[in-house]
Amino acid sequence: MSRLSSKIIGILAGALTVAALGTGPALADHSKIDGSITANGETCSWTDGSTSDNPPNTLTVDRTTINAPGGNLSCTGGVEATLNNDPTATFDDDNGTATVDLLDVTLTQLGVECRYQANDVVGQRDGTTRHYTASVSIPLASGGFGCPNPLDADASLTLH
């Protein structure tokens, strides 16, 4: 069994983590999430993830809009990613943070599947925007010796 590339896995987990953390100011009924992650020369991106509400209200990210058929989430390096839950985000505008209750992500590369789960993941807001960054360390929930444990990643999100 091949060992998963730590940098590719880190990029994906970071991307999904920040997807769960951020939403932009709403022009419609509910916010949309566009994201991009770059680390060690690799990039993951997604567009138009949906949420149940607008910040600073508590909201839920709809995983089906991140995992959309046809590859809404795309990454370099041949990795496939799936967000397994609909994370709930709460906002503390006084402290400039967003907290996700549970992040549950499965990453697959070269047939090796690694599932990561983390509770209470916190992202820091940039100024008064709805742009958040996070450095995350996500423990392995299931998977073999080829799965990095924990998975460390730096993530950021461009919002609309």
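This report describes the fold of one protein chain and the aromatic pair within it.

The model is predicted, so local features need pLDDT of at least 70 and side-chain atom pairs count only at pLDDT 80 or more, while totals for chains, interfaces and linings use all residues. Residues are numbered from 1 along each chain as its sequence is written, and side-chain values use heavy atoms, with hydrogens and water left out.

The protein chain has two helices and eleven strands; these are DSSP runs, with helices (H or I) of at least four residues and strands (E) of at least two, numbered from the N terminus. Their order from the N terminus is α-β-β-β-α-β-β-β-β-β-β-β-β. Of the 160 residues in the protein chain, 46% are buried, meaning under 20% relative accessible area (exposed is over 50%, partly exposed in between; 1.4 Å probe, protein chains only).

One aromatic pair is found in a search of the whole structure. The ring centres of Phe91 and Tyr132 are 6.1 Å apart and their planes stand at 50 degrees, so the pair is tilted. Rings of Phe, Tyr and Trp (its six-membered ring) pair if their centres lie within 6.5 Å; planes under 30 degrees apart are stacked, over 60 edge-to-face, and the rest tilted. The pair links distant parts of the chain, with its two residues 41 residues apart.

| Residue | Strand | Relative accessible area |
|---|---|---|
| Phe91 | β6 (residues 88–92) | 13%, buried |
| Tyr132 | β9 (residues 132–138) | 0%, buried |

Phe91 has a further partner: the charged end of Arg130 sits over its ring, 5.4 Å from the centre. This requires NZ of Lys or CZ of Arg within 6 Å of the ring centre and within 35 degrees of the ring normal.
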